[in-house]
Amino acid sequence: MKRFLFPMVAILMGYAASAVAEDASLKTVEASVAAEKGCLSCHEGIERFTDGAMIEQIEAMGVDFGDPGGCVVCHGGTPNATTAESAHQSTPAELAEFGGPHTFYPDPGANVVADKACGQCHAGYADRLAKSLMNTEAGKLQGNLWSWGVQDDHKVVWGNYDITDDDGPTPVVGTDAYIEYMTAFIAAHPDQMPSEMKQVPAVNVDEIPDHPNLAGITYSRQQCQRCHVGVNGREKRGDFRGAGCSSCHVPYSNEGLYEGGDPTISKEQPGKLLVHRMQGSRKSKVTVGEVTYSGIPTETCNSCHNRGKRIGVSYQGIMEFPYGSPYSATGGKQPKLHTKNYLFIKDDLHHQVQSRPGNPEGGMLCQDCHTTIDMHGDGNLFGTTLAQVEIECEDCHGTVSKFPWELPLGHGEEFGEEIDQTARGLGDDITPEQYFAEVYDAEDGYLLTARGNPFGNVVKKGSSVFMHSASGLTFEVPILKQISQDGTWKSQAAKVAMSAVGQHMESMECYACHADWAPQCYGCHITVDYSEGKTDIDWINNANSRGDDGLTADAALGTNGLTSAGKVSETRSYLRWEEPTLGINGEGRVTPLMPGCQVITTVIDKDGNTIVHNKTWMTPDAGGTKGLDHAAVQPHTAGRLARTCESCHDNPKALGYGISDGRFMRGYENGFVVDLETATGEIIPSNTQFQSQPIPSLDHDLSQIVTRDGKQLVTVGSHWPLTGPLPQDMREKMERTGLCMGCHQNMTNEELWSQVNSPKFVNNLEHQAVMDQAVHALAKEKSGE
């Protein structure tokens, strides 16, 4: 039997496990019907998985195995069986012999079996995905265990699985320039680019009394690790998805209901795929009812990217909040999404759809910026997001002084080192794996990522740059150097900030100014209770319980699979969203920070004893700081109008000193009682209780990172040695708080003030004009004119 290698559009897979029919509509069929129609003798009406040469060759291949619909090529099974049970067991021997399914695969995209389904044509993708952060979640584990005091260095050790990079550090995909760049990168950062990972161990509950911080492992296994592509995720609104390749390439709605034509798939039971179609690049069209679309919708990404740094929901412009308003017409609150209520703040300018002000065309998808390596990896093990993601804002927009193609490779991720300034140029071709997607004409050349791979969808044409979205839209990209040359700045402030103040462009991430907001969830209060045999879902147990059919223990609807000892509950102190704090990221650039794993922990052992109560753990950062992490983040909330000069230079919070200089939210180390009290604070009743329990180590606001004399209070980042608060000298140079008094201190000198003051109200523009006159007057005085 010939093995087909055909030009597929995107990863070849079927629907996820929950899409397999469980109901009684699957009936026995006549042998003659089964022989003629194969799988379609029961599933007639199901959507063709895609269109064009891909599905045509799958169907042609299926004919050889007695299945004209081609289902067996991806799913396996016995197409001429007369009952559902027998159809969903074995698979044709010939198919297994040349690398196809070895048994029936309900979800051909699931990890482990994907190489025998999707991998028939997309060789290597399954292995790359297995080693990527979307599967190992190594960075999440390292960061969480750092804050719990379990991890005491930057070295990545743990993942969701035992996994080794057997083929060495050379990437298996990418251009020669990319391979050379990453080989050097891996050598320079061995802690963040490991050659192996170990499955994070289960917790021995007998060790908890002596080592209560090991409860952080239980917290990770039960609460944090459900988003990796090795499992199907929990059965909650907004969290339904397939596994492996199907996590992204098979559409699931937030309601998890099937809206296709397969008579065997329930349309009432949540947890089903939306339709049996592949979503991928621009040419993979999906029709649902009256709507036809292409590309992978943002909400598909958000079935995972709604927690942690929350970049997916932030990109959509929403942030969790506790209230659930406004009310529905019947007086109800919001339906929970990802188990939360949401408040709309403002979506990223790249996301803004036609209904949003200022963007008549529509928005971009996550995949329009993020490359195949950003998502699938390159065959190496990555320990952090920064290590795997190969793109920078400047790759498309350039800088004020250089066009994107004039920038050197590595621009934006210098890690405090001098880099070779040779221009990166343009690409004249895309990489082999990019040919699976829509192929766009190179025009004058493809723009390159910071690591040397072509953006297959971003091209230079004359003096313009165009980005082709997988949605079918095409956008002209604003180029900073062109704006500077043409003098088409939108404001004087923009020209000053980006053109006149060189330090901004040299030392800052673009989003340090252009991130409109960032979700700030201060204080992660966690109780881990091992008493009375309490248990909860353990996602790492599930991930490592895979059967021969590729399904993990959590795959069957109505169950979330395997559990482990302990039960976690969590809440927070308070939420904010405006004007994120600034710090230094792993690349050495100024960046927004957001609260990371700010864990305040209570641990109860198996005998019901409270071992620690509202404890924070110490980290080795800056010689020993509390594990109330502030993490460097690309918030994915970009706006055209950058934050104001005052929001950084006249804002103690931005500098790391906390909201309003850290003068609020004090006294939590003592807790407080609210009841009748004397004027001196003595509580009058004898029967009373704490309104707020003490947090012994919390003698400052959770938004504060450093004191004004330079003492670092909490950890800032856990992955990279350069990550930290703004350095003391930078804070002192930046801060311009109190400048108003430079002039207004003279208001007490009535004679002097009367000579410069206007009796009428002076608006902002007039005020600026007065200060401008003062600057020019001083310049004249110094020049002797």
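**Sheets, strands and a helix**

Three strands make up an open sheet, in the order 1-3-2, with mixed pairing. Strands are DSSP runs of E with at least two residues, helices are runs of H or I with at least four residues, and both are numbered from the N terminus. Two strands pair if DSSP finds at least two bridges between them. Strand 1 (158-159) and strand 2 (163-164) are the edge strands, and each pairs on one side only. Strand 2 is joined to strand 3 (residues 196-199) by two bridges, and the two run antiparallel. Isoleucine 163 has methionine 197 in strand 3 as its bridge partner.

A word on the source. This is a predicted model, in which local features need pLDDT of at least 70 and side-chain atom pairs count only at pLDDT 80 or more, while totals for chains, interfaces and linings use all residues. Residues are numbered from 1 along each chain as its sequence is written, and side-chain values use heavy atoms, with hydrogens and water left out.

Next comes an open sheet of four strands. Its order is 8-9-10-11, and the pairing is antiparallel. Strand 8 (445-448) and strand 11 (474-476) stand at the edges with a single partner strand each, so one side of each has no neighbour in the sheet. From one strand to the next, the twist averages 40° (axes are lines fitted to C-alpha atoms, and angles run from 0 to 180 degrees between N-to-C directions). Strand 10 (residues 464-468) is antiparallel to strand 11, and three bridges join them. Here methionine 467 stands opposite phenylalanine 475 of strand 11.

Now turn to strand 12 (residues 517-529). Of its 13 residues, twelve are buried (under 20% relative accessible area, with a 1.4 Å probe and protein chains only). Ten bridges tie strand 12 to strand 15 (residues 567-578), and these two run antiparallel. Glutamine 520 has arginine 576 in strand 15 as its bridge partner. Strand 12 also has six bridges to strand 17 (residues 590-604), and this pair runs parallel. Histidine 525 is the bridge partner of isoleucine 600 in strand 17.

Last is helix 29. Why should helix 29 span 28 Å? It has 20 residues (764-783), and the expected span is 1.5 Å times one less than the number of residues. The end C-alpha atoms lie 29 Å apart, which agrees. Asparagine 763 caps the N-terminal end of helix 29, with a side-chain oxygen 3.2 Å from the backbone nitrogen of leucine 765. Just after helix 29, glycine 784 adopts a positive phi of about 85°.

Key:
Polar contact = N/O pair within 3.5 Å; in protein donor to acceptor, adjacent residues only side chain to side chain. Buried < 20%, exposed > 50% of the residue type's maximum accessible area, 1.4 Å probe, protein only.
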